[in-house]
Amino acid sequence: MSNPYFQFKQFTIRHDRCAMKVGTDGVLLGAWSMNGTHTPSSPSLKVLDIGTGTGLIALMLAQRFPHATIEGIDVDDEAIAQAKENVQESAFAKQINISKNDFTNITQYSNKYNLIVSNPPFYKENTLGRNAARNKARHTSSLSFETLISNASKLLENNGVFCVIIPHSHATEFISLCIENHLYLQRRMDVQSVATKNFNRSMLEFTTSMKNTEHQTLLLYDSEHNRTPEYTRLTTEFYL
C-alpha cells in the first residue's frame, strides 16, 4: 500500500481519500506559478485554485505568499474533506478556504482574482476507467479546456495571472484558446522527465495584456535518476 501522506518542509499532505494523489505536476505548478520577472509587486494576492484536490497547490502558494488569500475549489466530496483536513493541520489555515464548487458555473463568484491556478483534467473520454472519482479528476468531460479558459478570463483582475500545467502535446491548442479569450502567454516552461524522452508537460502562464514571452525548459532527472540542479532549485522550499 502506498504511503497515505507526503511530507513537505512546512506541511503534510494526506492523500489516502483523494482520487488524485500528490504528484510531480502539482508540485511543479505550485512552485513555478507567478515565479518570474512579471510577478506583481503587491504580496496581498487573491488566489483561486481550481480542482484543488488534496489542497497541495493552495498550501504551496500560501507558503510562498504569506499575505495571500486563497480559495481552493473542487467537485469531489472526499477531496474537499481531505483538503480541509490538510489545511487545518497546517500553519496556513487562516489564509486558505476550501469549498465545493463547480467551475463550469461561475455565477456564484463575486470576487475577481490576481492569480488563478489549475492542474486541470486533460484525458479524453476514451481513457475512462472504473473509478468514477478518478475519472472526474482526470478527464475533460468534467471541465473542458474551453470552459476553464473562458471562465478564468472572466474572473481575472486586470493584469491578473492564469497558470496551468498540461500535456506538452496540448499546449498549442490551449494557447490558441486563451488568445480567443484575450489571455496572452507571458511564460512557458516545457518539462521532460529525462533527457532520452520527449517533453511531456508544459507549464503556461497567461495575463490579460500582451507582454514578451519567456520560454524555458526543465529537465527533472539526470541519467542516474537524481534530481537536476534546476529541479532542485525550483522545489527547494518544499521537498525535504
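## Salt bridges between distant segments

At 35% relative accessibility, Arg17 counts as partly exposed. The model is predicted. Arg17 forms a salt bridge with Glu78, and their closest N and O atoms are 3.0 Å apart. Glu78 belongs to helix α3 (residues 77–88) and Arg17 to the loop between β2 (12–14) and α1 (24–32), so the bridge ties together parts that are 61 residues apart in sequence. Glu78 is partly exposed, with a relative accessible area of 37%.

A salt bridge also joins Glu157 to Lys46, at 2.9 Å from N to O. This pair links distant parts of the chain: Glu157 is in strand β7 (residues 156–167), Lys46 is in strand β3 (residues 46–50), and 111 residues separate them. Glu157 is partly exposed, with a relative accessible area of 25%. Lys46, at 35%, is also partly exposed.

## Buried charges and a network

Side chains of opposite charge can pair when their charged atoms come close. Asp190 and Arg188 meet in a salt bridge of 2.9 Å, N to O. Are these two residues buried or exposed? Asp190 has 4% relative accessibility and counts as buried. Arg188 is buried too, with a relative accessible area of 13%. Both values fall under the 20% limit for burial.

Arg187 takes part in a network of salt bridges with Glu205 and Glu214. Over the whole structure, the search finds eight salt bridges.

## Aromatic pairs

A pair of aromatic rings is described by the distance of the centres and the angle of the planes. The structure holds 12 aromatic pairs. One of them is Phe145 with Phe174, an edge-to-face pair with 5.1 Å centre to centre and 80° between the planes. Phe145 lies in helix α5 (residues 145–155) and Phe174 in helix α6 (residues 171–180), so the rings tie together parts that are 29 residues apart in sequence. Phe145 is buried, at 2% relative accessible area. Phe174 is buried as well, at 0%.

Tyr221 and Tyr231 make another pair. Their ring centres are 5.7 Å apart and their planes stand at 85°, so this pair is edge-to-face. Tyr221 sits in the loop between β10 and α7, Tyr231 sits in helix α7, and the two are 10 residues apart. Both tyrosines are buried. Ring pairs link Tyr221 and Tyr231 into a cluster with Phe6, Phe8, Phe11, Phe92 and Tyr239.

## Charges over rings

Tyr231 has a further contact. The charged end of Arg227 sits over the Tyr231 ring, 6.0 Å from its centre. Elsewhere, Arg187 lies over the face of Trp32, at 4.0 Å from the ring centre.

## The second largest pocket

Rolling a probe the size of a water molecule over the atoms shows where empty space is left. The second largest pocket encloses about 210 Å³ of space. Which of its 13 lining residues are closest to the centre? They are Trp32, Arg187, Met189, Gln216 and Leu234. Two or more lining residues come from each of β8 (184–192), β10 (214–219) and α7 (229–235). β10 gives the most, with four residues.

The lining is mixed in chemistry. It divides into four nonpolar, five polar and four charged residues. Arg187 recurs here: it is among the residues closest to the pocket centre, it lies over the face of Trp32, and it is linked to Glu205 and Glu214 in the salt-bridge network.

Notes. Residues are numbered from 1 along each chain as its sequence is written. This is a predicted model: local features need pLDDT of at least 70, side-chain atom pairs count only at pLDDT 80 or more; totals for chains, interfaces and linings use all residues. Side-chain values use heavy atoms; hydrogens and water are left out. On a 1 Å grid over the protein atoms alone, a cavity is a set of points where a 1.4 Å probe fits but cannot get out, and a pocket is an open set with protein on both sides within 12 Å along at least five of seven lines; lining residues have an atom within 4 Å of a point. Grid points are joined across faces, edges and corners, and a volume is the space filled by probe spheres set on the points. Ala, Val, Leu, Ile, Met, Phe, Trp, Tyr, Cys and Pro count as nonpolar, Asp, Glu, Lys and Arg as charged, and the others, Gly among them, as polar. Rings of Phe, Tyr and Trp (its six-membered ring) pair if their centres lie within 6.5 Å; planes under 30 degrees apart count as stacked, over 60 as edge-to-face and the rest as tilted. Buried means under 20% relative accessible area, exposed over 50%, partly exposed in between (1.4 Å probe, protein chains only). A charge sits over a ring if NZ of Lys or CZ of Arg is within 6 Å of the ring centre and within 35 degrees of the ring normal. A salt bridge is a side-chain nitrogen of Lys or Arg within 4 Å of a carboxyl oxygen of Asp or Glu.
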